Amino acid sequence: MADNDTRPSPEALLGRANREGRGRLKIFIGAAPGVGKTWSMLDDGHREWARGVDVLAAVIETHGRAETEAKLAGLPLLPRKPVLYKNRALTEMDLDALLARRPALALIDELAHTNAEGGRHEKRWQDVEEVLAAGIDVYTTLNIQHIETLNETVARITGVRVRETVPDQVLELADEIELIDLPPDELLERLKAGKIYPQDQAARALTSFFIKGNLTALRELAMRTAADRVDAQLREHMAANAIEGPWPTQERILVCLNDSPAAREAIRVAKRAADRARAEWIAVNVTSARQQDIGEAQRDRISASLRLAERLGAEVATLEAEHDTASAILSYARARNVRRIIVGYPRPRSPLLHWLQEDVMQNLMRGAGSFEITVASQPDERLEAERQRLRFTRPSLRGVAEAVGFTLLASLGAALVDRLFPVASLSLIFMTAVVVVASRQGNLPAILASMLGFFSYDFFFVDPRLTFTITDRSEVLTLGLFLVASLITGNLAARLRQRARVQTEIADRTNKLYDFSRKVAAAAQRDDLIWAVVSHVAVTLRCESILLMPAENDTLQVVGGFPPEDQLEVRDQTAAQFTWEKGQAAGRGSDTLPTARWYFMPLKTTAHRLGVLGIAFEDDGALTRLDQRLMDALSDQIVLALERLRLTEDLASTKLATETERLRTALLSSVSHDLRTPLVTIIGAAGSLTEADALPEASRLELAELIREEGERLDRYVQNLLDMTRLGHGALHPHLSAVDLSEVVGSARHRMRAILRQHPLITDLPQPLPLVQADPVLLEQVLFNIIDNAAKYAPEGSEISLSAKTNGGLLTLSIADNGPGILPEDRDRIFEMFYRVEGGDRQRAGTGLGLAICRGLIEAMGGNIRAEATWPNGTGTRIVITLKILNPDRS
């Protein structure tokens, strides 16, 4: 925001507009249970009720505290909704009744509460969001340990981790936060008096959570949280009302960084000041198109300073400013409500630089106003100071050559124009040369071209010519204006060139990020993703890249590299392991193990560590600031891609485990029924044969036939299991040959003569029947399983028909029955293992493997199989098999 821009912030106004029509939220926040949050909320509720506001106590958790229950008296109560959870009768807030009642103010206790299963929302804070959206104001309570980002901190302080948390954005919805504070000694007295927990529970709490040191730390954490939220509301208010800061509220420090040796001292000063004031601090670097021309050493110093500030806990920001760096810094400081600005002592500069470069320090002092400006001392580096004093960016040899060359061309062109048709504006030719040099080589060659053009124009084209003497006073003004105009025009052209180059670099980085996101999105396998990561990083940063991921023993191993790399030196492996374990960058250019050749950065989410990415340059250089920003963006994309792959693999593993468990359960059920049933029959029949001495011959033959049938049934079941196992492991290889379908049908009919006693098999095979390409043994097994399945479900005495017809190079074989039929949604699933349609196991027993084996065998022979209804009304089942005809041209 510019200094003279007094308009309200559009973002702040949009935030206010989004709250229109919503209820207001007030949160009573405390450091621990028992500080009086609920009591304070009820007290405010009574005051609002006395003022005539429609108040409703939607849900109040008294926990048996007499003073809280007494405070609740007199307020309208919302009846709770009974809920049955795990055979326990519970009560929850009746959200629908609250919305229907629509009070002006609802009192909803314990914002972090988890609702019982079966409700509309999982958490109570989600209920509160819906109540606010309905335009109802809400008062609620919250303990500091339930805030998501503070949950881990509180757990480290107290050793107790709470499971119910509230996202931080819920606090951002609060229009008002009231801190309910109680000194630790008073809170401990309340606990001992039984005003918080019963005596037995209070005794345990006194030795764990309710320790004075814990309570003191939590109290400070609660105060800071409330202060941070109030500060955020203040900044929003200032932005929405165009109030120019800073307002002297919460301490916040800003440190300005550049390539000066004093920058690191400024960082240390800011860190010490922030620690003393327990305040936030921000490290800012201002970049511009002109700063792209600084050397690699200066860029490395800036990058090192920013890394140091980030490591010490600063919030790091980069500002873009084409000119007037001081105004950009002050505008940012006002927007963040900063009170104190720390800058490094300015380095000595040559007199010429005072005219060509902005004096940021002086401009900051002039525009500081209500800011406090602190200047960090210059380090005792006299040699470096002398170098800085004499430092001046020299133009390149090519820039000098082009300045001289284009000035010569302009002189020749001006001479030619002056001889052919004399004009008074020959200076424009020299100005054109300046613009060309500026657009090609930058600012300093343009200044050189301006000076050369000035002297050339004076020497060759101002009377008296071939001298630097000027006799006409008007020519003095012309030359002066020419010099000023050429300097300004050259400067503008150079800036335009720099801006175009910066925009080109930005577009190039954007295209690289887009290309990378497209590549990783298209990578479906782990190896493809790894190759896309290492190759794109290497090509983008013009370096070597390597990706390491953990093995089963949690040690890192190289999974990909570009160029291919599978080993690291000991120091590089140590740096990579440090990055993996600590989650911090290490290696070349960092503060940890900087002698390593590789620079490693962690790839992690908030919950998982995914791997380590390493890069190395041929000249053993380090990342520049711009490359670091590009690397950060690439690493974010890599983390998203790896996390997506991890979730996909977890989902596949979960699906496989679920499917395995389902098959195991189905197999156990099938074995317990279909294996045990024939065994019981066989054992019973054999026992009858051995124990009964006077059985008639007919009865003995009947029992023997029963044993044979059940034995065959058991053999078919075991054979089905073996076939399914071979199919699942790819061990079944059909021996394809020319097969006469009539012979296969006859062989299957003979094997099934006992099964077909109650179901006549009607065949309709055209003659001559062409030979098919199949395995005769497997094809017979397929026909056996299908006809056996038809006999199970068709009514006793009904016919089973088998027919065939040719269609081009294919033969279609159909087996139809007159059973109850299969629903359309089940016709594909009957070919799955252990699947039986509803009602199937209430008729004749089956394993659910027969049709699954049929599909596997037919597909192994190059055919396909499907199920359809026999009759238009959906009754009956027809299994249709399609096989290839051998030499179809001869059929």
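A residue is called buried here when its relative accessible area is under 20%, exposed when over 50%, and partly exposed in between. The model on screen is a predicted one, and the tour applies that scale throughout.

**First stop: Glu 48 and its partner**

Select Glu 48 and Arg 51. Glu 48 has a relative accessibility of 19% and therefore counts as buried, whereas Arg 51, at 61%, counts as exposed. The two form a salt bridge in which the closest N and O atoms are 2.5 Å apart. This pair belongs to a structure that holds 27 salt bridges.

**Second stop: salt bridges around helix H5**

Move next to Glu 92 and Arg 124, another salt bridge, with 3.7 Å between the closest N and O atoms. Glu 92 sits in strand E4 (residues 88-92) and Arg 124 in helix H5 (residues 124-133), so that the pair links distant parts of the chain, 32 residues apart. Both Glu 92 and Arg 124 are buried.

Keep H5 displayed and add Arg 120 and Glu 130. Their closest N and O atoms are 3.1 Å apart, and the two residues form a salt bridge. Arg 120 lies in the loop between E5 and H5 while Glu 130 belongs to helix H5, so this contact ties together parts that are ten residues apart in sequence. Arg 120 is partly exposed, with a relative accessible area of 46%, and Glu 130 is also partly exposed, at 24%.

Which residues are joined into one network by salt bridges that share partners? Select Lys 26, Asp 43, Asp 44, Arg 47, Lys 71, Glu 176 and Glu 178 to display it.

**Third stop: the sheet that begins with E2**

Display the open sheet of five strands ordered E2-E5-E6-E1-E7, in which the pairing is parallel. E2 and strand E7 (176-180) are the edge strands, each pairing on one side only. On average, neighbouring strands of this sheet are turned by 20 degrees against each other, direction ignored.

Is strand E2 mostly covered or uncovered? Select residues 55-59: five of the five residues of E2 are buried, and the strand is mostly covered. E2 runs parallel to strand E5 (residues 105-108), and four bridges join the two. To locate this pairing, label Ala 57, which stands opposite Leu 107 in E5.

Continue from E5 to strand E6 (residues 137-143): these two strands pair in the parallel sense over four bridges. Here Ala 106 stands opposite Val 138 in E6. While looking along these strands, recall that in a regular strand the side chains alternate between the two faces of the sheet.

**Fourth stop: the sheet with E8 at its centre of order**

Another open sheet of five strands follows the order E10-E9-E8-E11-E12, again with parallel pairing. Its edge strands are E10 (315-320) and E12 (372-376), each of which pairs on one side only. Neighbouring strands in this sheet are turned by 25 degrees against each other on average, direction ignored.

Select strand E9 (residues 280-287) together with E10; six bridges pair them in the parallel sense. Val 284 has Ala 317, in E10, as its bridge partner.

**Fifth stop: a nonpolar patch on the surface**

Turn to Val 404, Leu 408 and Leu 452 and show the surface. These residues make a nonpolar surface patch of about 230 Å². Leu 408 lies in helix H17 (residues 397-420) and, with 53% relative accessibility, counts as exposed.

**Sixth stop: helix H21**

Select residues 526-541. Helix H21 has 16 residues and reaches 23 Å from its first C-alpha to its last, close to the 22 Å expected at 1.5 Å a residue. Its buried residues include Leu 529, Ile 530, Val 533, His 536, Val 537 and Leu 541. H21 is followed by Arg 542, whose phi is positive, near 55 degrees.

**Last stop: helix H27**

Finish with residues 850-860. Eight of the eleven residues of helix H27 are buried, so the helix is largely enclosed by the rest of the structure. Gly 850, Leu 851, Ala 852, Ile 853, Cys 854, Gly 856, Leu 857 and Ile 858 are the buried residues of H27. Gly 862, just after H27, takes a positive phi of about 85 degrees.

Technical notes. Residues are numbered from 1 along each chain as its sequence is written. This is a predicted model: local features need pLDDT of at least 70, side-chain atom pairs count only at pLDDT 80 or more; totals for chains, interfaces and linings use all residues. Side-chain values use heavy atoms; hydrogens and water are left out. Patches are made of residues with over 30% relative accessible area and no salt bridge: like charges are joined within 9 Å, nonpolar side chains (Val, Leu, Ile, Met, Phe, Trp, Tyr) within 5 Å. Accessible areas come from the Shrake-Rupley method with a 1.4 Å probe; for residues, only the protein chains shown count as cover. A salt bridge is a side-chain nitrogen of Lys or Arg within 4 Å of a carboxyl oxygen of Asp or Glu. Buried means under 20% relative accessible area, exposed over 50%, partly exposed in between (1.4 Å probe, protein chains only). The expected span of a helix is 1.5 Å times one less than its number of residues. Two strands pair if DSSP finds at least two bridges between them. Axes are lines fitted to C-alpha atoms, for helices over the stretch in contact, and angles run from 0 to 180 degrees between N-to-C directions.
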